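Please open the structure in your viewer, switch to a cartoon drawing, and keep the sequence panel visible beside it. The tour moves from one selection to the next, with a short account of what is there at each stop.

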Amino acid sequence: MKEKQINKDKRILITWANGFIWANLLRKLLNEWFKNIFIVLRETSNIRRIKDIIDKVNVSNVSLLDIDWLEGFIKDIKPEIIYHLAAAGAYIGRDERWIKD
């Protein structure tokens with residue numbers, strides 16, 4: 001059976017790529033030689049999980065609640081794949097700072 005070729009030039013958007021799951025996905029995509037990876041983080045995001053690879057992706061620091069910015073950003077970069085796991089309440093009770101974002 002012929003192996004299917006994957007287009008490594010696809011534009012990929014990952015929201016909150018500093019979380020445990022997405023940090024591992026980001027590493028996997030970079031290891032597979034994907035080149036056009038965009039990530040969205042809050043300005044206050046802890047990047048400890050991706051500190052060593054953050055210079056290999058396009059980073060935007062913004063609130064996902066800024067709908068006008070987000071719509072314009074998506075129109076500009078035209079992602080072909082979006083991995084979205086940004087969620088309010090992942091740490092509810094422990095840290096409620098996300099409400100202000």
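The stops below go from the whole chain to its sheet, then to the helices, and finally to a few single residues in loops.

**The whole chain**

Begin with everything selected, and bear in mind throughout that this is a predicted model. The secondary structure comes to two helices and four strands, and if you follow the chain along its sequence you meet them in the pattern β-α-β-β-α-β. Colouring by burial is a useful second view, since buried residues make up 32% of the 101 residues in the chain. Among the contacts with a separation of 6 or more, 61% are between residues 24 or more positions apart.

**The sheet**

Next, select the four strands, which form an open sheet in the order S3-S2-S1-S4 with parallel pairing. At its edges lie strand S3 (58-61) and strand S4 (81-84), each of which pairs on one side only. If you look across the sheet, you can follow a twist that averages 15 degrees from one strand to the next.

Now keep strand S1 (residues 11-15) and S4 on screen, where four bridges hold the two in a parallel pairing. To find a matching pair of residues here, select Ile 14, which stands opposite Tyr 83 in S4. Moving to the other pairing of S1, you find five bridges that join S1 to S2, again running parallel, and there Arg 11 has Asn 36 in S2 as its bridge partner. From S2 you can step on to S3, for these strands also run parallel and are joined by four bridges; Phe 38 is a good residue to select, because its bridge partner in S3 is Asn 58.

Is S2 enclosed or open? Five of the six residues of S2 are buried, so this strand is largely enclosed by the rest of the structure.

**Helix H1**

Add helix H1 (residues 20-31) to the view, and you will see that H1 packs on the sheet, touching S1, strand S2 (36-41) and S4, while the direction of H1 makes about 160 degrees with that of S1. Taken together, S1, H1 and S2 make a right-handed β-α-β unit.

A distance tool lets you try a small check on this helix. At 1.5 Å a residue, the 12 residues of H1 should span 16 Å, and the C-alpha atoms at its ends are 17 Å apart, which agrees.

Then show the side chains of Trp 22, Ala 23, Leu 25, Leu 26, Leu 29 and Leu 30, which are buried in H1. These residues cover an arc of only 160 degrees around the axis, which puts them on the same side of H1. The buried residues of H1 pack against S1, S2 and S4, whereas the face turned away from them carries the exposed residues Phe 20, Ile 21 and Asn 31.

**Helix H2**

Turn now to helix H2 (residues 67-77), and select its buried residues Leu 70, Phe 73 and Ile 77. They cover an arc of only 65 degrees around the axis, and therefore lie on the same side of H2. What do the buried residues of H2 pack against? They pack against S1, S2 and S3. On the face of H2 turned away from its buried side you can pick out the exposed residues Asp 68, Lys 75 and Asp 76.

**Residues with positive phi**

The next selections concern backbone angles, and a little background helps: most residues other than glycine have a negative phi. Select Trp 16 in the loop between S1 and H1, where phi is near 50 degrees, a positive value in a residue other than glycine. Trp 16 is buried, with a relative accessible area of 16%.

Trp 33, in the loop between H1 and S2, also has a positive phi, near 75 degrees, but Trp 33 is exposed, with a relative accessible area of 69%. A further stop is Lys 78, which follows H2 and has a positive phi near 50 degrees.

**A last stop: Ile 47**

Finally, select Ile 47 in the loop between S2 and S3, a partly exposed residue with a relative accessible area of 28%. Leaving aside residues up to four places away in sequence, Ile 47 touches Asn 18, Leu 41 and Ile 54. You can also draw a line from C-alpha to C-alpha between Ile 47 and Ala 17, which are 30 residues apart in sequence and 8.6 Å apart in space.

Terms used. Residues are numbered from 1 along each chain as its sequence is written. This is a predicted model: local features need pLDDT of at least 70, side-chain atom pairs count only at pLDDT 80 or more; totals for chains, interfaces and linings use all residues. Side-chain values use heavy atoms; hydrogens and water are left out. Two strands pair if DSSP finds at least two bridges between them. Axes are lines fitted to C-alpha atoms, for helices over the stretch in contact, and angles run from 0 to 180 degrees between N-to-C directions. Contact means heavy atoms within 4.5 Å. Buried means under 20% relative accessible area, exposed over 50%, partly exposed in between (1.4 Å probe, protein chains only). A crossover is right-handed if, with the strands pointing away from the viewer, the path from the first strand over the helix to the second runs clockwise. The expected span of a helix is 1.5 Å times one less than its number of residues. The arc is that of the directions from the helix axis to the C-beta atoms.
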